[in-house]
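Good morning, colleagues. Please bring the structure up on your screens, and I shall take you through its salt bridges, its sheet and its overall dimensions.

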Amino acid sequence: MSGTTRISVMLPVEHAAVLGALTGDVSAYVAGLVGRRVRHHLVGEHLRRYQREHGGFTAEELDDVRAELDGAAGPPATVVLDSRALTDWIGEDRKVLARFALHHSLGAEFVISVGAVTGALAGLGLDRAQPGAPATATVTATAALHRALSRLDVEPVTEAAAWAAVELLDTADLHGDSYALKATVVESAMRRPAPVILLTSDVGDMTALCGDRAGSVRMIGL
């Protein structure tokens, strides 16, 4: 994460008054809005570059993604990624990118929990030293991870989020490190504005962790 800088913004007086009534921290509020727009732009830029190099998504590919939304309350406001979805995004899996393209066109925010990032490290070969692997391979994988995360809203696991994840685990009677990482992903998804989509390689466990609120998060299996 890069550092921060201070800038001045000119606003109409009436807008500034409304903004002051909306939030007690104008700086954080505006930074959040700008961050969302910048991430949206970066995702679009990535998708346009991919389609220039590999061909545009066909109507059939996008129709397949739309079919996954059948019966949904509306277009997703939020798309949450698990660790597999992140590695597929970095690896430019065409099916996952087609999903990104459609949801991006509908204005969705792409979100990932720090827990899911941790889980993705193994898939990227960054969880341990690779004997005999050239240093450039690690550098390339690390750079790709940083590029991907710059396009996503990365949610930290706060103390409150951690306790909420523990409650999900207890309710679902699931235990162990792998379930703990999944619980942080589900907890993040359940706090986001609906409708929410969760792109996951483990629909069963994620649904179990949602418990009686499973209907609030639409699972899309990878």
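A salt bridge, for the purposes of this talk, is a side-chain nitrogen of Lys or Arg within 4 Å of a carboxyl oxygen of Asp or Glu. Please bear in mind throughout that the model is a predicted one. By that rule the count comes to 15 salt bridges.

I begin with the pair formed by Arg39 and Glu109, whose side chains meet in a salt bridge at 3.0 Å, N to O. This pair links distant parts of the chain: Arg39 belongs to helix α2, residues 26-54, and Glu109 to strand β2, with their positions 70 residues apart in sequence. Is Arg39 buried or exposed? Arg39 is buried, and Glu109 is buried as well.

The second pair is Arg94 with Glu61, where the side chains meet in a salt bridge at 2.6 Å, N to O. Arg94 sits in helix α5, residues 94-105, and Glu61 in helix α3, residues 59-67, so this salt bridge ties together parts that are 33 residues apart in sequence. As for burial, Arg94 is partly exposed, with a relative accessible area of 24%. Glu61 is likewise partly exposed, at a relative accessible area of 22%.

The third pair is Glu155 with Arg192, a salt bridge at 2.9 Å, N to O. Glu155 lies in strand β3 and Arg192 in the loop between α9 and β4, so the pair ties together parts that are 37 residues apart in sequence. Both of these residues are buried. Which residues are joined into one network by salt bridges that share partners? They are Arg36, Arg39, Glu109, Asp153, Glu155, Glu187, Arg191 and Arg192.

Let me now turn to the sheet. It is an open sheet of five strands in the order β3-β2-β1-β4-β5, and the pairing is parallel. Why is one side of β3 and of β5 left without a neighbour in the sheet? The reason is that β3, residues 153-155, and β5, residues 217-221, stand at the edges, each with a single partner strand. On average, and ignoring direction, neighbouring strands of this sheet are turned by 30° against each other.

At the β5 edge, strand β4, residues 196-200, pairs with β5 in the parallel sense over five bridges. Within this pairing, Leu198 has Met219 of β5 as its bridge partner.

Two helices that pack on the sheet deserve mention. Helix α6, residues 114-123, touches β1 (78-81), β2 (109-113) and β3, and its direction makes about 70° with that of β2. Helix α9, residues 177-191, touches β1, β2, β3, β4 and β5, and its direction makes about 145° with that of β2.

I close with the chain as a whole. Its secondary structure comes to 10 helices and five strands. The radius of gyration is 19 Å, close to the 17 Å that the globule rule gives for 222 residues, so the chain is as compact as a globular protein of that length. The C-alpha trace spans about 60 × 45 × 40 Å along its principal axes. Of the 222 residues, 37% count as buried. Among contacts between residues at least 6 apart in sequence, 73% join residues at least 24 apart. Finally, the chain exposes about 12,400 Å², of which carbon and sulfur atoms supply 58%.

Terms used: Residues are numbered from 1 along each chain as its sequence is written. This is a predicted model: local features need pLDDT of at least 70, side-chain atom pairs count only at pLDDT 80 or more; totals for chains, interfaces and linings use all residues. Side-chain values use heavy atoms; hydrogens and water are left out. Two strands pair if DSSP finds at least two bridges between them. Helices (H or I, at least four residues) and strands (E, at least two) are DSSP runs, numbered from the N terminus. Axes are lines fitted to C-alpha atoms, for helices over the stretch in contact, and angles run from 0 to 180 degrees between N-to-C directions. Contact means heavy atoms within 4.5 Å. The radius of gyration is taken over C-alpha atoms; the globule rule is 2.2 Å times the number of residues to the power 0.38. Buried means under 20% relative accessible area, exposed over 50%, partly exposed in between (1.4 Å probe, protein chains only). Accessible areas come from the Shrake-Rupley method with a 1.4 Å probe; for residues, only the protein chains shown count as cover.
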